[in-house]
Amino acid sequence: MSATTTTNPAALRRQSVRTSCVTRRRRSAKLAVLYLVIIACGVAAAVWSYHHFKPVVLTHPDFDPAAVAGAPEVDERYGYSTLTVEEGYRVQLCGVPANDGQTVWFNLTNPADNEVWFRAEVRDGEGKILASSGVLRQGEYLPSLTLDSPLTQRETPVTIRIVAYEPDGWQSRGNVNLNLTLYLNLE
């Protein structure tokens, strides 16, 4: 059995080696468009992610310019004592601080052998910040804090929030809240 095919030699065209077939050109063009769309989507997703999930840059608080090196000498009637939060994290301050109605002499101290830096916030019963300090390094104390508005009541309950940091790394070492009562014009 033999197969015979008849072809018209005039209908046959020889393919040029320099050009590719039409099907291949169309397929290549479609792939190029697809790749460009994928790249454009990737760039758009990266730009959108950057703007919506922008990395937060930590801005640490400043050191307190009024900090004094050393430790204060405080009369015992002001209740100057040490609160040990954990090993290497102690806070010293007056439990019954003197004040003139607006300036309160807490004598907030960061002992020299502490392993933390800290700052303090004075808050009223509703959580509103009345005063705040800058960061105290080890071996520094802050004699007083000035309240944003003067005391109006004879006895004002406040919370002293101590916010501690790891030196140089600014990692949190925890917060401590101390409840005190400020007595107006205590000398």
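Trainee: Let me start with Gln-92: buried or exposed?

Mentor: Gln-92 counts as buried, because its relative accessibility is 15% and the cut-off for buried is under 20%. Keep in mind that this is a predicted model.

Trainee: Where does Gln-92 sit?

Mentor: Gln-92 is part of strand β3.

Trainee: And which side chain makes a polar contact with the side chain of Gln-92?

Mentor: That of Thr-82, at 3.0 Å. Thr-82 is also on the contact list of Gln-92 once neighbours within four places in sequence are set aside. The others on that list are Tyr-80, Ser-81, Asn-107, Leu-108, Thr-109 and Pro-111.

Trainee: Asn-107 is on that list. Where is the place of Asn-107?

Mentor: In the loop between β5 (103-105) and β6 (108-110). Asn-107 is buried too, because its relative accessibility is 13%.

Trainee: What about the phi of Asn-107?

Mentor: Phi is near 50° there, a positive value in a residue that is not glycine. As background, most residues other than glycine have a negative phi.

Trainee: Which loop residue has a positive phi of about 60°?

Mentor: Trp-170, which is not a glycine either. Trp-170 lies in the loop between β11 and β12. With 13% relative accessibility, Trp-170 counts as buried.

Trainee: Stepping back, how many helices and strands are in the chain?

Mentor: The chain has 1 helix and 12 strands. Reading along the sequence, the helix comes at the start of the pattern and the strands follow: α-β-β-β-β-β-β-β-β-β-β-β-β.

Trainee: What share of the residues count as buried?

Mentor: 31% of the 187 residues. As for contacts between residues at least 6 apart in sequence, 61% of them join residues at least 24 apart.

Trainee: Now the core. Which residues in the largest nonpolar core touch the most other members?

Mentor: Phe-106, Leu-108, Phe-118, Val-122, Leu-147, Ile-160 and Ile-162, out of 25 residues in that core. Two or more residues of this core come from each of β3 (89-94), β7 (117-123), β8 (129-132), β11 (155-165) and β12 (172-183). There is also a second, separate core of 5 residues, and Trp-170 is one of its members. Trp-117, Val-163 and Tyr-165 are included there as well.

Trainee: Take Ile-160 from the largest core. Which residues is Ile-160 in contact with, neighbours within four places in sequence aside?

Mentor: Phe-106, Ala-120, Glu-121, Val-122, Val-176, Asn-177, Leu-178 and Leu-180. Ile-160 is in strand β11 and is buried, because its relative accessibility is 2%. Its C-alpha is 9.0 Å from that of Asp-124, although 36 residues separate the two in sequence.

Trainee: And Leu-147, what does that one touch?

Mentor: Not counting residues up to four places away in sequence, Leu-147 touches Gly-101, Gln-102, Val-104, Val-122, Leu-130, Ala-131 and Leu-182. Leu-147 also helps line the largest pocket.

Trainee: Which other residues line the largest pocket?

Mentor: Asp-124, Gly-125, Leu-130, Ser-149, Pro-150, Leu-151, Thr-152, Gln-153, Thr-156 and Pro-157. By class, the lining has 5 nonpolar, 5 polar and 1 charged residues. The pocket holds about 200 Å³ of space.

Trainee: Change of topic: Arg-154. Buried or exposed?

Mentor: Exposed, because its relative accessible area is 53%, and exposed means over 50%. Arg-154 lies in the loop between β10 (145-146) and β11.

Trainee: Which backbone oxygen does the side chain of Arg-154 reach?

Mentor: That of Leu-184, at 2.6 Å. Beyond its neighbours within four places in sequence, Arg-154 is in contact with Leu-182, Tyr-183 and Leu-184. Arg-154 and Leu-186 are 32 residues apart in sequence and 9.6 Å apart in space, C-alpha to C-alpha.

Trainee: Which backbone oxygen does the side chain of Asn-99 reach?

Mentor: The backbone oxygen of Tyr-183, at 2.6 Å. Asn-99 sits in strand β4 (residues 98-99). Asn-99 is buried, because its relative accessibility is 3%.

Trainee: What else does Asn-99 touch?

Mentor: With residues up to four places away in sequence left out, Asn-99 touches Val-104, Trp-105, Leu-151, Tyr-183, Leu-184, Asn-185 and Leu-186. Leu-151 is also one of the residues lining the largest pocket.

Notes. Residues numbered from 1 in each chain as written. Predicted model: local features only at pLDDT ≥ 70, side-chain atom pairs only at ≥ 80, totals over all residues. Heavy atoms only, no water. 1 Å grid on protein atoms, 1.4 Å probe; cavity = no way out; pocket = protein on both sides within 12 Å on 5 of 7 lines; lining within 4 Å. Points joined across faces, edges and corners; volume = space filled by probe spheres on them. Nonpolar A, V, L, I, M, F, W, Y, C, P; charged D, E, K, R; others polar. Core = buried A, V, L, I, M, F, W, Y, C linked by side-chain atoms within 4.5 Å. Buried < 20%, exposed > 50% of the residue type's maximum accessible area, 1.4 Å probe, protein only. Helix = DSSP H or I, 4+ residues; strand = E, 2+ residues; numbered from the N terminus. Contact = heavy atoms within 4.5 Å. Polar contact = N/O pair within 3.5 Å; in protein donor to acceptor, adjacent residues only side chain to side chain.
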